[in-house]
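Work through the following exercises with the sequence and the structure in view, and try each task before you read its solution.

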Amino acid sequence: MAGKAETGVVKCPVCSGDFEPSRINSHLDECLLDHQTPSGEHTPPAKRPRVSDEAGSSGGKGGAQPESAAGVFSLFHTKTRGAKATESEKEPDTSTTTSSSSSSCSNPARSQSLLDIDRPLAEKLRPTTLEEYFGQSKVVGEQTLLRSLLQSQDIPSLIFWGPPGCGKTTLAHIIASSCKKKGTARFVTLSATSASTNDVREVIKQAQNELRLCKRKTILFIDEIHRFNKSQQDTFLPHVEYGTITLIGATTENPSFQVNSALLSRCRVLVLEKLSVAAMGSILRRAVDSLGLRVLPDDAVEQKRLTSADRCSEPQVCIEQKALDTIAHLCDGDARAGLNGLQLAVQACVAKARSTSTHTLQHIVVQEVHIKEGLQRSHILYDKAGEEHYNCISALHKSMRGSDKNAALYWLGRMLEGGEDPLYVARRLVRFASEDVGLADPAALPQAVAAFQACHFIGMPECEVILAQCVVYLARAPKSVEVYMAYNNVKTCLRNHKGPLPPVPLHIRNAPTKLMKELGYAKGYKYNPAFNGPVDQEYLPEELSGINFFTWKPTNL
């Protein structure tokens, strides 16, 4: 062995201590455990060569021995900085020179660890406690109902409804973690995208056995519960009703439309909001601290001072504060997209630095341009078949009704950029031209019809400006809903009429045959063009004589 001395002692390859041959094996077991690097700490591996007089005499040339020794015992080189400094003091000439040389020729271990993340950062940093859970204070704040229920471990059936990346699944995992720690319930997770009804029945069967034998409840978490159809959702009904399982569902769709009403009545719906920029900043700061990145301030002078002060220290991966702010704004309240975008940008910068590494120490700085490249906003939160579809068209309609052309253009853009069918928007504009503009500007309806035809002819993206022109025209046009309201009054009158509807007066009926004329059809009808002035003639049934649907109120019935 290279570490064996002439006096019969063996040098430990980890701590360089001298030990008797009979004790070296047991010492190595303890020494390796003591010098193991903690999981959260990424320090550069120590590559100090094991150089000694004994090794030099037995190995021939002392200059070639350090490289082979470092290669043989590279497994053990996970010492802390304190141990490395102590050894450097013992052998200042050889170890200090070799250590600095190896650091300048290779990237730091922290950079390597950033490249070796085998899971998405959003999954790796998923919070396990409410203290790490940001942005939903209305749902899980200090004085909220859910937090009190979590503390008492009395969790009801819940439906979490919110946009992607707002923390629905994470909140369910926090509940699971709390239950596992206290042993009060068994937690089972299924995804409606892959699970079948048989899988659900199997979980329910296990829950029945668990409750009967162990007196322990089962919490069943169904992710994307809206993917289950109505009959599949009916499977939960009796078991949620009897308390066999506590159901927790997560959905991005409106539960009023996508969840069975009978099941919805047995669950409490909690609405999770889109994460604010401040909440995203807290989440990103936690991620940066976990990755061991250094945040550089926005001040260019201060940033230059910090980087120059650390020029002689080991290389670090830094990120500009401006870059973090960009992520918080671009991710649109989606923590998953923000964290994974951060991971992509950091890994790209580290990989680029490794491929172009030089023999000089340098910091790796993740800048705003890298973030924008790694987090391109390729889509807008919009679902053509979901609630957002109806929300946006309602906002467009109301903005035009309120003559706010800027808001109308914005909501139009939200729909078109989200992938909405332009013909659907054009049909709604035709309706608006008659419903809200009406006779105040009779030219509005031809404008809307022409816009529909133009969109049909040329399609997207060329037709977007045509829709924009029509939207601005309708927003600026004077408004009148008298026709719309009058016709609604007619419908109300017909629907609320008691008994059979009144017949058409005989004098305004058509009389194409002799028999009909003999029965009195068209008798006494005054042909208007035959008179020079207005004609006094009743056109409504006798029961409705004198009614004015433009001023009539349904309460008059």
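**Exercise 1.** In this predicted model, find how many bridges join strand 9 to strand 10, and in which direction the two strands run.

*Solution.* Begin with strand 9, which covers residues 317-320, and follow its pairing to strand 10: three bridges join the two, and they run parallel. As one example of a bridge, take C318, whose partner in strand 10 is V365. Next, widen the view to the whole sheet, which is open and consists of three strands in the order 8-9-10, with parallel pairing. Strand 8 (294-296) and strand 10 (364-366) each have a single partner strand, so they stand at the edges and one side of each is left without a neighbour in the sheet. Finally, neighbouring strands of this sheet are turned against each other by 35° on average, with direction ignored.

**Exercise 2.** Explain why C463 and C455 do not form a bond.

*Solution.* Start from the cut-off, since a disulfide requires two cysteine sulfur atoms within 2.5 Å. The closest cysteine sulfur to that of C463 belongs to C455 and lies 4.0 Å away, which is too far for a bond. The structure as a whole holds zero disulfides. As for its surroundings, C463 counts as buried because its relative accessible area is 0%.

**Exercise 3.** Decide whether V483 is buried, partly exposed or exposed, and name the residues that make a nonpolar surface patch with this valine.

*Solution.* First locate V483 in helix 26, which spans residues 482-496. Its relative accessibility is 37%, and therefore V483 counts as partly exposed. Together with L439 and F550, V483 makes a nonpolar surface patch of about 300 Å².

Conventions
Residues numbered from 1 in each chain as written. Predicted model: local features only at pLDDT ≥ 70, side-chain atom pairs only at ≥ 80, totals over all residues. Heavy atoms only, no water. Patch = residues over 30% accessible without salt bridge, like charges linked within 9 Å, V, L, I, M, F, W, Y side chains within 5 Å. Areas by Shrake-Rupley, 256 points an atom, 1.4 Å probe, with all protein chains shown as cover. Salt bridge = Lys/Arg side-chain N within 4 Å of Asp/Glu carboxyl O. Helix = DSSP H or I, 4+ residues; strand = E, 2+ residues; numbered from the N terminus. Buried < 20%, exposed > 50% of the residue type's maximum accessible area, 1.4 Å probe, protein only. Pairing = 2+ DSSP bridges. Axes fitted to C-alpha atoms, helices over the stretch in contact; angles between N-to-C directions.
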